[in-house]
Each structure stands twice: as C-alpha cells, then as structure tokens.
Amino acid sequence: MKKNLSYYLKLKYETRMRYDEDDKAWFVSFPDLHGCLADGSTEIEALKNASRVKKEWIKSALEEGWEVPEPSLPIEVSGRLTFRPPKSIHQQLIK
C-alpha cells in the first residue's frame with residue numbers, strides 16, 4: 001500500500017488533551033507528530049480543530065518530503081494489576 005495522506009489519516013495516533021486555566025482553552029496534541037497542536041474554547045471545538053490540524057500537518061510533511069511517523073506501538077498490558085493495599089483498605093474491599 002502506498003503511504004499517502006489517506007493512509008496516514010486512517011492510522012490511530014495517540015491524542016492528548018488538557019485544559020489550561022490561564023488561557024481558558026483546551027489543547028490537543030499528537031505526541032508522534034512533533035509540533036502538531038490545536039486548541040479550542042471547548043473540548044469539542046479543540047478536537048475538531050485537532051482533526052483539521054493533523055490532516056494539514058501530515059499533508060504538509062508529505063509535500064515537503066519529510067518522514068511522517070507512524071503511531072507508536074501501544075504498551076502491551078495483561079489487564080492484571082497486583083498491589084498491596086493498606087490493611088484498612090483491604091478490609092473494606094473484602095466487605
């Protein structure tokens with residue numbers, strides 16, 4: 001398969017969202033796409049802007065001949081979590 005814009009847009013890139021109290025805005029970034037960042041006054045607006053910005057980022061990178069990274073592989077997890085809670089919490093869990 002040729003790795004064109006359509007190919008990269010189908011990939012699932014990690015998306016990070018945070019609210020900045022000082023700016024009163026939501027920010028969305030894609031860690032695998034260095035410098036690809038969008039914002040919005042609401043979560044929905046920020047995500048819509050992020051989708052548009054990601055597309056433009058990839059398109060520009062391809063036009064410039066830059067390497068477009070594929071999404072990092074997710075860390076594999078077993079679903080099992082082992083920990084030692086304090087006795088008081090352990091008692092509550094048993095109840």
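Start by selecting Lys-24, which sits in the loop between S1 and S2. This is a predicted model, so treat what you see on screen as a prediction. Check the backbone of Lys-24: although this residue is not a glycine, its phi is positive, about 55 degrees. That makes it worth a pause, because most residues other than glycine have a negative phi. Is Lys-24 buried or exposed? Lys-24 is partly exposed, since its relative accessible area is 48% and partly exposed runs from 20% to 50%.

**Next stop: Asp-20**

Now select Asp-20, which belongs to strand S1. Its relative accessibility is 16%, so Asp-20 counts as buried. Which residues does Asp-20 touch, not counting those up to four places away in sequence? They are Ala-25 and Phe-27. Then add Asp-22 to your selection and show the backbone: the nitrogen of Asp-22 lies 2.9 Å from a polar atom of the Asp-20 side chain.

**Across to Asp-32**

Select Asp-32, in the loop between S2 and S3. Asp-32 also counts as buried, because its relative accessibility is 17% and the cut-off for buried is under 20%. Now bring up Ser-72. Along the chain, Asp-32 and Ser-72 are 40 residues apart, yet 6.8 Å separates their C-alpha atoms. Show the two side chains and you will find a polar contact between them, at 2.6 Å. Setting aside residues up to four places away in sequence, Asp-32 touches Tyr-13, Pro-69, Glu-70, Pro-71 and Ser-72.

**Along helix H2**

Colour residues 43-64, which form helix H2. How far apart are the end C-alpha atoms of H2? They are 31 Å apart, which agrees with the 32 Å that its 22 residues should span at 1.5 Å a residue. Show the side chains of Ala-46, Asn-49, Ala-50, Lys-54, Ile-58 and Ala-61: these are the buried residues of H2. They pack against helix H1 (5-9) and against three strands, S1 (16-20), S2 (25-29) and S3 (37-40). Step past the end of the helix to Gly-65, which follows H2 and has a positive phi, near 80 degrees.

**Into the nonpolar core**

In soluble globular proteins, nonpolar side chains tend to be buried together. To see this here, select Tyr-8, Tyr-13, Phe-30, Leu-33, Ile-58 and Val-68, the residues that touch the most other members of the largest nonpolar core, which has 14 residues. H1 and H2 each supply at least two residues of this core. Which element gives the largest share? H2 does, with 4 residues. Zoom in on Val-68: leaving aside its neighbours within four places in sequence, Val-68 is in contact with Tyr-8, Tyr-13, Trp-57, Ile-58, Ala-61 and Leu-62.

**Last stop: the aromatic pairs**

How many aromatic pairs does the structure hold? There are 2. For one of them, select Tyr-7 and Tyr-8, an edge-to-face pair with 5.1 Å from centre to centre and 85 degrees between the planes. Both Tyr-7 and Tyr-8 are buried. Then move to Tyr-19 and Trp-26, a tilted pair whose centres are 5.0 Å apart and whose planes are 55 degrees apart. Tyr-19 is partly exposed, with a relative accessible area of 35%.

How values were computed
Residues are numbered from 1 along each chain as its sequence is written. This is a predicted model: local features need pLDDT of at least 70, side-chain atom pairs count only at pLDDT 80 or more; totals for chains, interfaces and linings use all residues. Side-chain values use heavy atoms; hydrogens and water are left out. The expected span of a helix is 1.5 Å times one less than its number of residues. Buried means under 20% relative accessible area, exposed over 50%, partly exposed in between (1.4 Å probe, protein chains only). Contact means heavy atoms within 4.5 Å. A nonpolar core is a set of buried Ala, Val, Leu, Ile, Met, Phe, Trp, Tyr and Cys residues joined through side-chain atoms within 4.5 Å. A polar contact is a pair of N or O atoms within 3.5 Å; within protein, one must be able to donate a hydrogen and the other to accept it, and residues adjacent in sequence count only if both atoms are side-chain atoms. Rings of Phe, Tyr and Trp (its six-membered ring) pair if their centres lie within 6.5 Å; planes under 30 degrees apart count as stacked, over 60 as edge-to-face and the rest as tilted.
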